[in-house]
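Student: Could we go through this model together, with the reasoning laid out for each answer?

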Amino acid sequence: WEEGEIVQAVAYDCPIPGYQTATTNNLRLWSSKAASGEFDFQKFNSGEYESSVGDQQRAETISAVLYPNDNLERGKELRLKQQYFWCAASLYDIVRRFKKSKKAWREFPNQVAIQLNDTHPTLAIPELQRILIDQEGLEWDEAWSIVQKTFGYTNHTVLPEALEKWSVPLFQHLLPRHLQIIYDINMHFLQNVERKFPKDRDILGRVSIIEESQPKMVRMAYLALIGSHKVNGVAELHSDLIKTTIFKDFVKIYGPDKFANVTNGITPRRWLHQANPRLSELIASKLGGYDYLKDLTLLHKLEKYVDDKDFRKEFQEIKYANKLRLAKYIKESTGVSVNPSALFDIQVKRIHEYKRQQLNIFGVIQRYLAIKAMSPEERKKLAPRVSIFGGKAAPGYWMAKTIISLVCAVGEVVNKDKDVGDLLKVIFLEDYNVSKAEIIVPASDISEHISTAGTEASGTSNMKFVLNGGLIIGTCDGANIEITREIGDENIFLFGNLSEDVEDLRHAHVYGNYEVNGDLQGVFNAIQQGKFGDANRFSALVSSVVEHGDYYLVSDDFDSYIKTHAVIDEAYRDQETWLTKCITSVARMGFFSSDRCIDEYAETIWNVEPLKPKETNGSA
């Protein structure tokens, strides 16, 4: 490497205490500092004040903001720098610790397991290979065998545009040695494939780590897959889909055993005990203590209390108190008063077209138009609703920001409309984060998990909401399918097309007679007539459905979505049956614990045994 930039990685350790155990894990974070010290005194003395701190600023930029906007070339370069910085620092540390043991290198995979959480840390594969061959003097084949046994790769998306690719020129400029190693990895891999499929020339181009485009691109997901001994998806549907779509050819090459499923889970310590202490206490009073927080499957014992009058009353009161707490927060943060007795309908997650917040807000507009068209008598029969949105858009994702803009614009109109009053309120909660989720999640009656079928790998907020006694409206996607299997399809509101129909529908949009009809057209008319402010602001959102092929099937699922919301309105009127659904669902959520999830990784991928912690007195 010539003319490189040298930065120093400074370790910051965060102790992570376990729950009711003396075990405390260490989370090591890295901050970047200039290797040359604080600033260049000579430059400063000769009047070059700005450039005297240039090295320091350039270095510290690396760990200043995670995932900067990468629409521009400089943003892409910074993001790749970040990825290498964290991989290199962590691997340096892992290798340092291993070498202290004086064990032979072939023992490395028995001592170390590295799980790639999506493709972002995939540079760790060529980096470990570099350390072994360039610094430790191992032969290529022995080094590569160690690398493959060490890494596992968790895939988190089937969206092709979300699979990371880096341009070869950028790689060449920033990480020339790693690019050489990647080319070598690719050559060895393709030679093996050619030996296996001598008559299939096309497969080589399809599975090559290097995409032969202009410019050439490094396909990080393929590098992650080839450099790992196991690849897993994060819900059953997702793990099946990766084998039939993005990694289809690799199943032919490696066989199905390289691929596994580990359904995601959530920690009940945070998402029940901390976020919803009263519900946690109520459950503990029936189960004879808090053991269920360490073994969530014990929740099934709650089912025998589903008809217990006192239990039901307390459960309902807790939900109301949580809604009151959220209503208070909404009033403080937005100035809008909402009725805590209304149905709280919540969608909080990253803003993305595949998660379909646009479907939700179009549904809200449809409801608003319907209320406006009703007689006062009809309005009296309607269940009041509060539609709550929250989530962030990626810095360079303009369409996602347009969706937020429309939600806010609809709220501005609806929340001030005297005809509507408490029947409908529309809230966008700013700066969504975990601390806010702890207030929002326990307060839902319905939460929305409405991604286009086959696009959401798993989702975990669906689990959080149900564990806190809320019901779901959702598509047959991600973990919704397994949640349905556990809690029973009578306790979830499913709608929309299935993942196997998606391709045909998309094809029909482009090549068939495709038109938007009925209620959805009414929604678009209202937007275009300027009911919610300048229609031009939202024209791209409308035309993505009307003119650009409606890739995420908003129009195909809209009628089913609206009908399902009508079913929810009806079900919410019968509070006793609704309550039974909520309690039953909580009792059947034991499978979705992160403890079970980590056990599965340990057993099927890392090959490690659990170490029983010593019991401690007193609760954590």
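The exchange below takes up the sheet, the cores and some local backbone features in turn.

Tutor: This is a predicted model, in which local features need pLDDT of at least 70, side-chain atom pairs count only at pLDDT 80 or more, and totals for chains, interfaces and linings use all residues. Residues are numbered from 1 along each chain as its sequence is written, and side-chain values use heavy atoms, with hydrogens and water left out.

Student: Which strands are the edge strands of the six-stranded open sheet?

Tutor: The sheet runs in the order β12-β11-β10-β13-β14-β15 with parallel pairing, where strands are DSSP runs of E with at least two residues and helices are runs of H or I with at least four, numbered from the N terminus. Two strands count as paired if DSSP finds at least two bridges between them. The strands that pair on one side only are β12 (424-429) and β15 (493-494).

Student: What angle does the direction of helix α16 make with that of β12?

Tutor: Helix α16 (residues 309-334) packs on the sheet and touches β10, β11 and β12, contact meaning heavy atoms within 4.5 Å. Axes are lines fitted to C-alpha atoms, for helices over the stretch in contact, and angles run from 0 to 180 degrees between N-to-C directions. On that basis, the angle between α16 and β12 is about 70 degrees.

Student: Which helix gives the most to the largest nonpolar core?

Tutor: A nonpolar core is a set of buried Ala, Val, Leu, Ile, Met, Phe, Trp, Tyr and Cys residues joined through side-chain atoms within 4.5 Å; buried means under 20% relative accessible area, exposed over 50% and partly exposed in between, with a 1.4 Å probe and protein chains only. The largest core has 104 residues, of which F362, I527 and W578 touch the most other members. With nine residues, the helix that gives the most to this core is α19 (residues 398-414).

Student: Is R356 buried or exposed?

Tutor: R356 is placed in the loop between β10 (343-348) and α17 (357-373), and has a positive phi of about 60 degrees although it is not a glycine. Its relative accessible area is 0%, so R356 is buried.

Student: Which residues does a cis peptide bond join, with omega about -5 degrees?

Tutor: The place to look is the loop between β6 (210-211) and β7 (217-219), where P215 is found. The cis bond joins P215 to Q214.
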